[in-house]
Amino acid sequence: MTWEDVINLEKEKEYYKKLHEEIEKKYENSIVFPEKQNIFKAFSLTKLENLKVVILGQDPYHGFGQAQGLSFSTPKEIKNPPSMVNILKEISDDLGRKSLCEDGDLTPWAKQGVLLLNTILTVEEGKPKSHHNLGWEIFTDNIIKYISDNCKDIVFILWGSPAIAKTKLINKSKHHILTSPHPSPLSSYRGFFGSKHFSKTNEILTNLKKEPINW
């Protein structure tokens, strides 16, 4: 199975047909991010057979030009959002060196097997969580369940309570789950800083005889 096969199975379901109809209307009648061709970009960059890590975000950035279809990531020419600044700070503190992705574009992570998945895949300009409850959560829950059921020894990095709530979808005896508060300025000092998720992930991967991630 490839991601395309998995996604096509979802597209046949009733909830997805309604979601697709709704999203098409939104793109016609308002400004929606990311660009339509980038909605599933996370899946095109991180092949299912190469999957090692899942980092779960909430919904795409809602400012012009920020969202690119990967959770937490922005194009390199865009100023790093506050959460990204904090992620880069934690990498530096945890690993003692700067990130490979100082410009905020996390494409190199995705290509190494890190699925950067938002729980909601689209958003309207200036309206965070505006596409909540349209059906994306059903889609991404099903993706998480698929990974849990069909893969083994995946590291799930869950930041913030909405992401941590997805723990119930993951088979803990087959996979590895790391949780902490969200990297946003509102919660980063409550335990995101010092969580050492980047070194812990690489330790798990090394123990599994998998290539660690160059963060």
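**Exercise 1. Is Lys-26 buried, partly exposed or exposed, given its relative accessibility?**

Solution. Step 1: recall the classes. Buried means under 20% relative accessible area, exposed means over 50%, and partly exposed lies in between (1.4 Å probe, protein chains only). Step 2: apply them. Lys-26 has 22% relative accessibility, so Lys-26 counts as partly exposed.

Notes on the model. This is a predicted model, in which local features need pLDDT of at least 70 and side-chain atom pairs count only at pLDDT 80 or more, while totals for chains, interfaces and linings use all residues. Residues are numbered from 1 along each chain as its sequence is written, and side-chain values use heavy atoms, with hydrogens and water left out.

**Exercise 2. State how many helices and strands the protein chain has, and give their order.**

Solution. Step 1: use the DSSP runs, where helices are H or I with at least four residues and strands are E with at least two, numbered from the N terminus. Step 2: count. The protein chain has 8 helices and 6 strands. Step 3: read from the N terminus on. The order is α-α-β-α-β-α-α-β-β-α-β-α-β-α. Step 4: compare with the globule rule (2.2 Å times the number of residues to the power 0.38, with the radius of gyration taken over C-alpha atoms). The radius of gyration is 16 Å, close to the 17 Å that the rule gives for 215 residues, so the protein chain is as compact as a globular protein of that length.

**Exercise 3. Describe the extent, burial and surface of the protein chain.**

Solution. Step 1: along its principal axes, the C-alpha trace spans about 45 × 35 × 25 Å. Step 2: 53% of the 215 residues count as buried. Step 3: the exposed area is about 10,300 Å², and carbon and sulfur atoms supply 52% of it. Accessible areas come from the Shrake-Rupley method with a 1.4 Å probe; for residues, only the protein chains shown count as cover. Step 4: take contacts (heavy atoms within 4.5 Å). Of those between residues at least 6 apart in sequence, 65% join residues at least 24 apart.

**Exercise 4. Find which parts the salt bridge between Glu-24 and Lys-36 ties together.**

Solution. Step 1: a salt bridge is a side-chain nitrogen of Lys or Arg within 4 Å of a carboxyl oxygen of Asp or Glu. A search of the whole structure finds 7 of them. Step 2: Glu-24 and Lys-36 form one at 3.1 Å, N to O. Step 3: Glu-24 is in helix 2 (residues 14–29) and Lys-36 in the loop between strand 1 (32–33) and helix 3 (41–45), so the bridge ties together parts 12 residues apart in sequence. Step 4: Glu-24, at 25% relative accessibility, is partly exposed, and Lys-36, at 39%, is partly exposed.

**Exercise 5. Do the same for the pairs Lys-26 with Glu-124 and Lys-166 with Asp-141.**

Solution. Step 1: the side chains of Lys-26 and Glu-124 meet in a salt bridge of 3.8 Å, N to O. Lys-26 lies in helix 2 and Glu-124 in strand 4 (residues 123–124), so parts 98 residues apart in sequence are tied together. Glu-124 is buried, at 10% relative accessibility. Step 2: Lys-166 and Asp-141 meet at 2.7 Å, N to O. Lys-166 lies in the loop between helix 7 (161–164) and strand 6 (176–180) and Asp-141 in helix 6 (residues 136–150), so this pair ties together parts 25 residues apart in sequence. Lys-166 is buried at 11%, and Asp-141 is buried at 18%. Step 3: look for shared partners. Lys-26, Glu-124 and Lys-127 are joined into one network of salt bridges.

**Exercise 6. Which backbone features stand out at Pro-34, Phe-72 and Lys-196?**

Solution. Step 1: most residues other than glycine have a negative phi, and most peptide bonds are trans. Step 2: Phe-33 and Pro-34 are joined by a cis peptide bond, with omega about -5°. Pro-34 sits in the loop between strand 1 and helix 3. Step 3: Phe-72 is not a glycine, yet its phi is positive, about 70°. Phe-72 is in the loop between strand 2 (53–57) and helix 4 (82–95), and at 9% relative accessibility Phe-72 counts as buried. Step 4: Lys-196 also has a positive phi, near 55°. Lys-196 is in the loop between strand 6 and helix 8, and at 39% Lys-196 is partly exposed.
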